[in-house]
Amino acid sequence: MAAVAVVGGAAVGRPKETRARGIAWVRGEEDARRGGRAGLAQRGVNYDTVREVWKAAFVRREIRAIRRDLHCNAVILLGDDLRRLEFAARCAADEGLFVWFEPRQFDKDAARTLAFVRSVARMAERLRRRHPGVGMSMGCELTIFMDGLVPGKTWEERGANLGTPAGKGYNERLNAFLVRAHDAVRPLFGGQLTYTSGVWESVEWRKFDVVGVDLYRDASNEASYRRDVRALHRFGKPVVITEFGCCTYRGAEKRGGDGFSIVDWTQDPPVVPDGYVRDERVQSRYLGELLDVFEDEGVHGAFVYNFINPDTPYSPDPRHDLDMAGFSLVRVGADYARTGRFEAKDAFRVVARRFSPRS
């Protein structure tokens, strides 16, 4: 899921483990120097394993396209199902991709979230023993997506409460949880650790290896965006933009991570209101501009949100073109569940050129 528009020392490990983490990281740097554009050692996309249609053949094909056609050297795997995450990770490792795990347990409390994070850590370590390029996030924007840090039964309610007296102290509660999560995971997993933060969260990064931030550009931060990226280096750690992206209609560049919200989901089937015009060039231009910023500002890695979203298919009828309000680099039609077919959007071609080692 895209970031929601709402109102910011290395990990301790045994020497052998620390060295292994370093080797995987250096390989990314060497890959960048061999041909990638300067400043982006990790060039990747998000791949969401939470979907209605899940077929092994489709997943293999999509992961293969991420590596061979989009020219990514890394991927962030999102999900709440351990078996799906493991299968996608094995496919990605077989393609030589650096694999980041991002466990998700939306609307669950701290105990259930931490239990799942630990399960993913054990699985990630098994993969890392044969494929050293593995990292792990402690979760995504937990102040709104996890129950208990901010009052509210849903992420919408929690997001609305962030800037109110009811939400006071959420950063302290978030950081206390992240310390617990880090200390629970570190004995289980020897790879790179980060957290996928929202821009409203003030994370204490001291224990983490990497600063991870979902950073969309929209009308509210357009003027300061470059400065915001540059400021992330103040923590003295590699910076990874864990999500950035844009929807596929005129005006989406001003909405950033909130671009999906134009759909009226109360209708059956869901409807895109009149007045929105599909324009794939908006998405591709936005991504190209942000990649320029990340490269100029020495960002270590950047991950487009996202590769594919089978649950928001394209339609020639603008009122039912859910792909218009999606962030994916490829579009699917009504036949996806049967064929697994997808088509590259204009943004796919732009990103592929930028990520290609021959560019």
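Is Ala92 buried or exposed? Before answering, bear in mind that what you have on screen is a predicted model. Ala92 sits in helix H3, and its relative accessibility is 0%, so it counts as buried, the cut-off being under 20%. Leaving out residues up to four places away in sequence, Ala92 touches Ile63, Val75, Leu97 and Val99. There's also a through-space neighbour to look at: Arg64 is 28 residues away along the sequence, yet the two C-alpha atoms are 7.7 Å apart.

Ala92 makes a handy entry point to the helix packing. Two packed helices are described by the angle between their axes and the distance between the axes. For H2 and H3, the angle is about 40° and the axes are 9 Å apart, so this pair is oblique. The crossing of H2 past H3 is right-handed. On the H2 side the contact uses Ala56, Val59, Arg60 and Ile63, and these meet Phe87, Ala88, Cys91 and Ala92 of H3. By class, that contact holds 7 nonpolar residues, no polar ones and 1 charged.

H3 (residues 82-94) also packs against H4, with axes that come within 11 Å and cross at roughly 25°. An angle under 35 degrees counts as roughly parallel, so that is the label for H3 and H4. Here too, H3 passes H4 in a right-handed crossing. H3 brings Leu82, Leu85, Glu86, Ala89 and Ala93 to the contact, while H4 brings Phe116, Ser119, Val120, Met123, Arg126 and Leu127. Those residues split into 8 nonpolar, 1 polar and 2 charged.

Keep following H4 and you get to H7 (residues 170-185), which packs with H4 at an angle of about 30° with the axes 10 Å apart. H4 and H7 are therefore roughly parallel as well, and H4 passes H7 in a right-handed crossing. Ala110, Thr113, Leu114, Val117, Arg118 and Ala121 of H4 meet Phe177, Arg180, Ala181, Ala184 and Val185 of H7. The class count for this contact is 8 nonpolar, 1 polar and 2 charged residues.

Now for the core. In soluble globular proteins, nonpolar side chains tend to be buried together. The largest nonpolar core in this model has 107 residues, and the members touching the most other members are Phe101, Met136, Met138, Phe294 and Phe307. Helix H4 (residues 110-128) supplies the largest share of this core, 8 residues. Met136 is worth a click: setting aside residues up to four places away, Met136 touches Trp100, Phe101, Pro103, Val117, Val120, Ala121, Val185, Phe189, Gln192, Leu193 and Thr194.

Just past H4, in the loop between H4 and strand S4 (134-140), is His131. His131 is buried, with a relative accessible area of 12%. Apart from neighbours within four places in sequence, His131 is in contact with Ala93, Gly96, Leu97 and Val99.

Further along the chain is helix H11 (residues 346-355), which is mostly covered, with 7 of its 10 residues buried. Those are Ala347, Phe348, Val350, Val351, Ala352, Arg354 and Phe355. They pack against S1, helix H9 (280-296) and strands S8 (301-304), S9 (330-331) and S10 (343-344).

For contrast, try Glu52, found in the loop between strand S1 (42-48) and helix H2 (56-68). Glu52 has a relative accessible area of 71%, so it is exposed, the cut-off being over 50%. The C-alpha atoms of Glu52 and Asn309 are separated by 9.9 Å, with these positions 257 residues apart along the chain.

Finally, some backbone geometry you may want to check. Most residues other than glycine have a negative phi, and most peptide bonds are trans. His71, in the loop between H2 and strand S2 (74-79), has a positive phi near 65°, and at 17% relative accessibility it counts as buried. Glu141 has a positive phi of about 45°; it lies in the loop between S4 and helix H5 (142-145) and is buried, at 0% relative accessible area. As for cis peptide bonds, one joins Asp268 and Pro269, with omega about 5°, and Pro269 lies in the loop between strand S7 (239-244) and H9. Another joins Tyr305 and Asn306, with omega about -10°, and Asn306 is in the loop between S8 and S9.

Terms used. Residues numbered from 1 in each chain as written. Predicted model: local features only at pLDDT ≥ 70, side-chain atom pairs only at ≥ 80, totals over all residues. Heavy atoms only, no water. Helix = DSSP H or I, 4+ residues; strand = E, 2+ residues; numbered from the N terminus. Buried < 20%, exposed > 50% of the residue type's maximum accessible area, 1.4 Å probe, protein only. Contact = heavy atoms within 4.5 Å. Core = buried A, V, L, I, M, F, W, Y, C linked by side-chain atoms within 4.5 Å. Axes fitted to C-alpha atoms, helices over the stretch in contact; angles between N-to-C directions. Parallel < 35°, antiparallel > 145°, perpendicular 65-115°, else oblique. Left-handed = near helix turned anticlockwise from the far one by under 90°. Nonpolar A, V, L, I, M, F, W, Y, C, P; charged D, E, K, R; others polar.
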